[in-house]
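Welcome! Please take a look at the sequence and the 3D structure below, and then we can walk through a few parts together.

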Amino acid sequence: MLSPQNCVVSSKEISDDLQCTICLDVPSSSTRVLQCINGHIFCEAPCMEQYLSHSKTYQCPICRVAIDPARPIRSLAAEHIIAALPTASALAQNAQANGKADATVCAGASLGCTWAAADESSRITHEAACPHAIAQRAVERERTAWRAALRRLEHRIEQLEAGGGPTAGQPPTTTTTTSAPIPTTTTQSAQPPAPHYQQYANLRADGYDASRSELYASTFVDSAAQDGNHEGRTISRVGGAARGHVGSVCAIAASSDWAISGSIDRTLRLWRRRHTSSSDGDGDEAAASGYLATEPAPLVEIGCTTEHTNVVCAVAVHPSIAHVAFSGSFDGTLRVWRVDATCGSLRCTARVDVGGKVLSLEAASRAQELYVGSARGEIFVFDVTGVDEGVVPQRIAAFEAHAGMDVRAIAMAESEHQRVIFTAGGDACVKAWRAGSNAAAPLATLTGHGNPVRALALAHHHQLLFSGASDATIRVWFVGGLTGAGAGEPSCLHILRGHKDTIWSLICDRYFLYSGSADATVRVWSIRQGAAMLEMPEMAAVLEGHQDVVWTIGQMPSCESDSRALLLSGSADCTVAAWAWD
């Protein structure tokens, strides 16, 4: 496919990180590096060769510009930089120079681990506990997930360009049955589940029989629930899936009447609730968007923007700033958007260069401040006063939270007297900080997860903290002594098991914890009330229906036109699903 002898040599400055946009890894120094005209780089072999051999479009997977397979552009600038990077052998030689002869280095050396030893058995023992090595293994797993997501994105684009795919063909038929012994409504799609998750077909965990899986619905059966209003109630899928994104949905935030989602396809999409009236035209919108005719999606897409130039990984809304949303991207920018749900517009009113990939956003409810987590382990604090009038956010503080590890989640406990920040990092730790005027003071480090922590949520007036990680567990921490809501040292109370893969998102309301995972499910856990607060939360429901990783979940409060509060879930299957209690 490629013709290396016809390569056009370029020394153009490359864009973003020194990563192949197909395998998301640094190209080997032994292979030639190619690039598109915008500077996105690729490994010549095998990445670019395989990509072009399976693609019908011959386009860069990031910016979609055309690529000429007969005359690919070779990037000398990237090759020179890669050639100068330290290799594992170079690190070993450096260790020898420091008196560690015949040294072998940790797998996490590229992330900063300086350990070296003379024998292989010591390395294996060290890597089992080294946070750098643990993080490196998690990074490799995530790269594999991103590669799969990119392949799905390309396939989805080819479907759309060919006029096929879910938005052009006939909707799948559905059947409704009742499964026992738990009384649930089962909605099964004619389309088979993704092969990757067929391995879960016969799993039985925590009383849940996946071989009789209740797609789109589950029943709350916790007889010990303190709130009698929830006993025996059902949480179920509301209508069809909302489609529009052509890449994984990575982030969701919502107000009462609109929601905003960010994706790997570099877009932000604006959604509003579907009106219940049949005369408002929403039925036509749903049909045009490919929703099931008998089950129109509860969300209707009303706006889209493509101003970000890379993955949109984080979105947020501030509880005291109306009609405004924030977005953070791998392109290193924080953007402020003026939202008009009436005419369906998203207008960028401010853009701030953060200086690195933005992975997480969290708004302070008692102050007009926004906390930004980066891929370099830093937390940036922005004053967002006046952003609804076009004022550009001002950075007022910054601190290093996780020493070069990514900050995937931030949770905040606020009171009249203090603000405590919890951060989740790639070093498998949760850290607590007391916010100050221009920095943050460390309070505690919570350890116990065996892999990077990816999600956080607070409950019970900031006395309980939930953390989800790549080890597929959720830990329940008592943090009342840190937040001022109680007394005592921070400690891990429980470990919740049930998910089979990475926990990517957590969110709480008064009575339930919701968790989204790479096993393609959302699980619901009942939170004890009153004196039973410290007891083990129980799994109340398993929500299935997504065909791939559930990257994000969010809550859409009730509004005048709809008394239901919706749970929203965004997935690598490019859809947004809505769930509600009956």
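Two residues are in contact when heavy atoms of theirs lie within 4.5 Å. Keep that in mind as you read, and remember too that this is a predicted model. Let us begin with how confident the predictor is, and then visit one residue and two groups of strands.

**Confidence in the model**

- The protein chain has a mean pLDDT of 77, where pLDDT is the predictor's confidence in each residue, from 0 to 100. A pLDDT of 70 or more is reached by 74% of its residues.
- Residues 9–16 have a pLDDT below 50, and the model gives this stretch 25 contacts beyond near neighbours in sequence.
- Residues 277–281 also stay under 50 in pLDDT. Here the model has one contact beyond four places in sequence.
- A word of care: predicted coordinates should not be read in detail where pLDDT is low.

**A serine to look at: S329**

- You will find S329 in strand 19, which covers residues 324–329.
- Is S329 buried or exposed? S329 is buried, because its relative accessible area is 0%, and the cut-off for buried is under 20%.
- Which residues does S329 touch, leaving aside neighbours within four places in sequence? The contacts of S329 are with H308, N310, V311, V312, C313, G356, K357 and V358.
- V311 deserves a second look: the side chain of S329 reaches the backbone oxygen of V311 at 2.8 Å.

**An open sheet of four strands**

- Four strands, in the order 14-15-16-17, make up an open sheet with antiparallel pairing.
- Which strands stand at the edges? They are strand 14 (249–254) and strand 17 (299–305); each has a single partner strand, so one side of each has no neighbour in the sheet.
- From one strand to the next, the twist averages 25 degrees.
- Strand 14 runs antiparallel to strand 15 (residues 258–263), and five bridges join them. Within this pair, I252 sits opposite S261 of strand 15.

**A hairpin: strands 26 and 27**

- Strand 26 spans residues 407–414, and eight of its eight residues are buried, so the rest of the structure largely encloses this strand.
- How many residues does the hairpin use to join strand 26 to strand 27? The hairpin passes through four residues.
- Strand 27 (residues 419–425) is joined to strand 26 by seven bridges, and the two run antiparallel.
- To trace this pairing yourself, find M412 and look across to I421, its bridge partner in strand 27.

Key:
Residues numbered from 1 in each chain as written. Predicted model: local features only at pLDDT ≥ 70, side-chain atom pairs only at ≥ 80, totals over all residues. Heavy atoms only, no water. Buried < 20%, exposed > 50% of the residue type's maximum accessible area, 1.4 Å probe, protein only. Polar contact = N/O pair within 3.5 Å; in protein donor to acceptor, adjacent residues only side chain to side chain. Pairing = 2+ DSSP bridges. Axes fitted to C-alpha atoms, helices over the stretch in contact; angles between N-to-C directions.
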